[in-house]
Amino acid sequence: MSKSLKDCGITKKRIELFEKINIRNADELFSYYPFRYENLDKSVFKDWNKGDKVVFEATLISYPSTYRYSRLKSITKFKVFMEDNELEIVIYNRPWTSNLKINQKLVIVGKYEGLNKVTALNYSGKSIDDIVGITPVYSTTKDITQKIIHETMKKAFENSKNDITNDIPFEYLSKYKLLNKVDAIRKIHFPQTMNDVSLALRTLKYEEFLKFYIAINLLKKNNDNKIVKNSKKFNYDDVFSLVNNLSFTLTKDQFRSVNEILDDLQSNKIMYRLLQGDVGSGKTLVAALGLYATYLSNEQSALLAPTEILAKQHYESLNQLFKPTGLKIKVLYSSMNSQVKKDILKELINGEIDILIGTHAIIQENVVFKNLGMVVADEQHRFGVEQRKKLLEKGEKVDFLLMSATPIPRTLAITLYGDMDISTIETMPSNRKPVKTVLIQENSFYSVINDIEEKLNMNEQIYIICSIIEENENFDARNTIDVYENLKKYFNGRYNVGLLHGKMSPEEKEDVMNLFSNNKIQILISTTVIEVGINVPNASVIIIYDAHRFGLSQLHQLRGRIQRGDKQGVCYLLTDNKNKESINRLKVLLKTNNGFDISSEDLRLRGPGDILGTRQSGVPSFILGDLFEDTKIINQARIDANEIIKNQNVHDNKKIVDSIISDNDLNITYMD
Ligand code: ADP
Ligand code: MG
């Protein structure tokens, strides 16, 4: 148990301040880490360069003079003497100089401007030794200043340092020469050198990851022990025979993933698996074989798609695939005719439908299955956790497969998806021509018009993507409506132009998509609604306006739309943004076609919440650890966590496991 702030001798007033940021005891206070350090060092004048941050002791030789140029703004100037040099000091907005005396010693912190001029940030009568050194900088609030944090930290540490114990088992502490917890806390909050800080970080990061992986491990064990289902009964050869009808064979990774899924279905542990693979890597077929195995085992299954268009597309391709089998498959979505809907619901409850594909419409309460055995959710990041849960509750003990087209490296996936098992498709089917991607630093259609005319002339089709639907004064970006109007004028009936966006009714969207699918529309202007899984093999060009406004993974998904057929796809990224970072970020897409590399880069730049949409499902947030920088520590901590869980006869190991159990409610699964 950690000492309360009260027992650490902190005043009532301050305790109340810290409670507001959820800090109630010494442990929580010590985990309030500095986000950077100010490192002030004495240096001699001859080493000063223009722009250097300098700290020095000097003697005041002229009375300060102050000019006020508004109520709160002023410039104060004075002269000092240091090491036989006369320096001119300027300080802003600090007009209170009446207590300064000629010949007084001052310590000045500031920036050297060259030519014996210094812009001071601060001056004081303190001794220079009190000012140089390393000072942690914490994030502050309106009421909690740096000074308050420093003082409270110091007091709490003095009063509780004898009670601080190690959580990391001794064996690992000595194996990696980590610091004792008390030293780690001392060195992170009161460092003498920057080396102290890195030593402390090494220990504290390891501890943070170790605890995380122990918790994940416990969760997984909890799930494994608790949930038992009837194993599904099917013959592997029968399942794979479905592929014999196809014009291609499974890739190695597809084959392995199918086997992993079939093993899960056949075991009596409930499947809770993530299938991740790049756009076009063939995840649908893998999932379909799982659905087929469920059918062979006389159970129903459901496939959840994020949009109506995609649900229908899945319906068509699965219908094709299952044609030789006699399996009955239906699709359900909200905009459909209510009589048809009624019929489907009836067939479903009677067990006449084997696979139901649909949008979130299939989550509704009136959708009742006879014996639901498996659920697949496509493009899972589009669904909320609640929706998935509702669907799973439609069956007794349902096997669950999530599909993600934003594949991430394995270690990261284990960390982010916690207690899920993971299947990864890394290799693409060999018949794929990688999309050619071109960055055009101009936000204008006219820079690509010749290429476009050529493609249209060859009877190929084109997507044009805008980041906004209609004109919006908050964003300086091209919008679908304007682009649509302009291009209609430009092509003037030579080719048909269509418009697709989220504000249209499902019927309107459907119509436009069908027209595009059937090549009745050649140029489709759209928002990112087409990002998710849409398949029009004859479309070979995608033009993306204001490309800098999209995430890398999203752009990669978008260009995945034109890698569907046998034509050479070309993706034009248009932007007139001049920001160098934005441009460099976009250039990642020119360098690689590998979804793993792209998502890694994207995750590094934007963080997992934005990309995987897992914010609501609890992406772990590490206080010190960095998922991308600390891979060595992460890997070691994972291995050690397994070992610790296995060897709980060792006292230290049991201690850390018990403390994690008592800190967590492990009945809540990680994805909840
Ligand atoms: P995604 O992983 O993006 O969902 P899909 O499952 O939609 O990809 O597959 C894209 C296309 O690739 C489909 O037309 C599918 O029939 C085809 N496909 C799947 N597996 C293979 C394979 N092993 N070889 C060739 N084409 C394949
Ligand atoms: Mg897909």
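**Surroundings of ligand 1 and the packing of helices H1 and H4**

In this predicted model, ligand 1 has 16 residues around it, of which Gln-254, Gly-280, Lys-283, Thr-284 and Arg-432 come nearest. The shell around ligand 1 comprises eight polar residues, together with four nonpolar and four charged ones.

Oxygen atoms of ligand 1 are approached by backbone as well as side-chain atoms of the protein. A polar side-chain atom of Lys-283 lies 2.8 Å from an oxygen atom of ligand 1, while for Gly-282 a backbone N or O atom is found 3.1 Å from an oxygen atom of the ligand. Ser-281 likewise places a backbone N or O atom 3.4 Å from an oxygen atom of ligand 1. Of the 570 Å² of accessible area that ligand 1 has on its own, 80% is covered by the protein.

Another part of the model concerns two helices, H1 (residues 12–19) and H4 (residues 146–160), whose axes come within 12 Å and cross at roughly 110°. Because angles from 65 to 115 degrees count as roughly perpendicular, H1 is described as roughly perpendicular to H4. On the side of H1, the contact is made by Arg-14, Leu-17 and Phe-18, and on the side of H4 by Ile-148, Ile-149, Glu-151 and Thr-152. Classified by residue type, the contact of H1 with H4 contains four nonpolar residues, two charged residues and one polar residue.

Key: Residues numbered from 1 in each chain as written. Chains lettered and ligands numbered in written order. Predicted model: local features only at pLDDT ≥ 70, side-chain atom pairs only at ≥ 80, totals over all residues. Heavy atoms only, no water. Near = heavy atom within 4 Å. Polar contact = N/O pair within 3.5 Å; in protein donor to acceptor, adjacent residues only side chain to side chain. Areas by Shrake-Rupley, 256 points an atom, 1.4 Å probe, with all protein chains shown as cover. Nonpolar A, V, L, I, M, F, W, Y, C, P; charged D, E, K, R; others polar. Axes fitted to C-alpha atoms, helices over the stretch in contact; angles between N-to-C directions. Helix = DSSP H or I, 4+ residues; strand = E, 2+ residues; numbered from the N terminus. Parallel < 35°, antiparallel > 145°, perpendicular 65-115°, else oblique. Contact = heavy atoms within 4.5 Å.
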